[in-house]
Each structure stands twice: as C-alpha cells, then as structure tokens.
Amino acid sequence: MILFLLGLACWTLNPGDIPAKRGDQIPILVDQDQSDHIEINLYIRAGSAFDPIGQEGLAHSTAQILIKQLRNKINSDSSTQISVGVQREVVTFKLVLSNLSEAKFLISNLLSPPEVSVEELDVLNEETLNKLYERQVVSKVFSTWMFEGHPYGHPVEGRTGSLKALSPHDVHRFFLRRYVRSGSFIKISVPQYIDKSTVLDSLKGVEELLSPHLVNPQTPKVLPAQKKNALLILSDEQK
C-alpha cells in the first residue's frame with residue numbers, strides 16, 4: 001500500500017499530443033493602448049529546453065541568426081526596433097514599428113528559414129562564448145545542480161564544446177522542427193485609432209509562413225526527489 005501511494009504521488013498526467021486543430025493557424029491577440037507606435041511580440045516555443053543532447057545552445061543560436069537575418073533586410077535608416085529574448089521554454093521576438101504596413105513584411109522575413117554560413121555561425125558562437133565566460137560561476141553551477149539531469153540544467157546560451165560543434169544544417173533542422181504554428185503566438189499592440197479588424201486583415205497569410213506540424217508535449221518537469229541530503233553553498237568573490 002505504501003509503495004502504491006508513493007508511486008501515485010510521483011506520477012504526473014501525460015499531457016499527450018496537442019490537438020491537431022491548434023496547428024491550423026497562429027493565434028493572434030490584438031490589443032489597443034495609449035501608445036503612438038506598434039509593438040509586436042512573437043512567442044515561439046523553441047527555448048533552450050528543446051536543445052538536443054550534445055547541441056546545447058542551438059535554440060539560442062537559431063534565434064540570433066533569425067534576428068540578424070531580419071536586420072540585414074531592413075533599411076539602415078529605418079526606425080524599427082528589433083530584439084530577442086531566449087528563455088528555457090520560449091523565444092520572444094519583439095518588433096517596435098511606426099507603420100502597420102510593415103508588420104507582415106517584418107514577420108515574414110523573421111520567420112524565413114535561416115541561412116547562415118559556417119564562418120558566420122562560428123563568429124556568432126564565439127561572441128556568445130565570450131558573453132558566457134563573463135557570467136558568474138554561481139549562476140551556471142546553480143542551474144546545473146538544481147536541474148540535474150533536466151534540460152533546464154544547461155545555460156541558455158549553451159556550452160563551449162556543443163557550440164563549437166554546431167553546423168548550419170543543425171540550425172536549419174531545429175528551425176523546421178520547432179518553429180511551427182502550434183508552438184507560436186503573436187501579440188500585437190496598436191494605438192487606439194487603429195481598428196483590430198484592420199490589424200488582422202493586414203496579417204492574413206501569416207500562418208502560412210510556418211509548418212502546421214505539431215510540437216511535442218510540454219517539457220516534463222521531472223526532478224530528482226533528493227540531492228543526497230547535500231547542501232550546496234556557492235559564492236563569487238567580487239573585486
């Protein structure tokens with residue numbers, strides 16, 4: 001009986017496959033506010049937790065390449081602001097623009113399959129490694145310890161060995177697997193004088209940019225029941 005109760009306490013529901021109808025389109029939420037600009041937040045469920053084993057940092061590299069690819073297609077005198085944030089579960093692309101007519105162009109180019117050479121990828125990953133070295137040891141060791149054996153355990157930016165082993169083919173394959181309709185969501189904030197129906201009409205066809213293939217069930221949050229009764233104490237000396 002005790003074993004049964006213990007097993008029941010450790011058991012979690014299998015989220016199962018995502019319903020097929022969710023892969024038909026990209027959900028778009030339109031919000032009107034007091035601002036005088038347009039802000040688009042594109043959420044993609046392609047964070048670092050989905051890095052294949054041995055390819056830690058692939059999600060981060062893919063997002064950085066997509067942003068760089070978009071910037072190269074925008075006029076140098078454009079006022080459009082572009083940024084990206086890569087977290088463990090979600091990648092967030094933020095676009096701030098002044099004209100609604102630019103929205104579909106920006107999203108279309110952002111979601112174009114990544115094209116990068118071996119040399120360009122090496123330069124990008126070298127920049128990432130330099131930033132990774134600057135991080136405090138505490139933050140890196142703590143994540144590894146807290147999420148032992150779990151995809152959350154490695155740094156979002158990746159590891160030295162895995163980053164140096166990434167190839168353009170790896171980036172392209174990750175994009176095709178993770179950047180899909182059922183794992184995407186768009187939130188667009190516009191000034192109050194712009195009608196919501198106008199916004200939706202301007203984005204027609206956006207759902208065709210991504211594959212309708214379904215993403216995997218949500219990342220399991222299975223963690224060790226105990227850490228061998230050990231207490232981890234870390235410190236970084238500040239100079």
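Start by selecting F175: at 4% relative accessibility, this residue counts as buried. Keep in mind that you're looking at a predicted model.

Now add Y179 to the selection. F175 and Y179 make a stacked aromatic pair, with 5.0 Å centre to centre and 25° between the planes. Y179 is buried too, since its relative accessibility is 1% and the cut-off for buried is under 20%.

Next, bring in F93. Its ring pairs with Y179 in a tilted arrangement, 6.4 Å centre to centre and 50° between the planes. This pair links distant parts of the chain: F93 is in strand β4, while Y179 sits in the loop between α7 (168–178) and β5, 86 residues apart. F93 has a relative accessible area of 0%, so it counts as buried. With F93, F175 and Y179 all shown, you have a cluster linked by ring pairs.

While you're around here, pick R178 and F50. R178 lies over the face of F50, at 3.9 Å from the ring centre.

Time to switch to cartoon and colour the strands. You should find an open sheet of 5 strands in the order β1-β5-β2-β4-β3, with mixed pairing. β1 (28–33) and β3 (81–86) are the edge strands, each pairing on one side only. From one strand to the next, the twist averages 15°.

Zoom in on β2 (residues 38–44) and β5 (residues 184–191), which pair in the antiparallel sense over 6 bridges. Click I40, and its bridge partner in β5 is I188.

Last stop, the helices. Select α2 (residues 58–71), which lies across β3 and β4 (91–97) and runs at about 175° to β3. Then select α3 (residues 103–110): this helix lies across β2, β4 and β5, running at about 150° to β4.

Key: Residues numbered from 1 in each chain as written. Predicted model: local features only at pLDDT ≥ 70, side-chain atom pairs only at ≥ 80, totals over all residues. Heavy atoms only, no water. Pairing = 2+ DSSP bridges. Helix = DSSP H or I, 4+ residues; strand = E, 2+ residues; numbered from the N terminus. Axes fitted to C-alpha atoms, helices over the stretch in contact; angles between N-to-C directions. Contact = heavy atoms within 4.5 Å. Phe/Tyr/Trp six-rings, centres within 6.5 Å; stacked < 30°, edge-to-face > 60°. Buried < 20%, exposed > 50% of the residue type's maximum accessible area, 1.4 Å probe, protein only. Lys NZ or Arg CZ within 6 Å of the ring centre and 35° of its normal.
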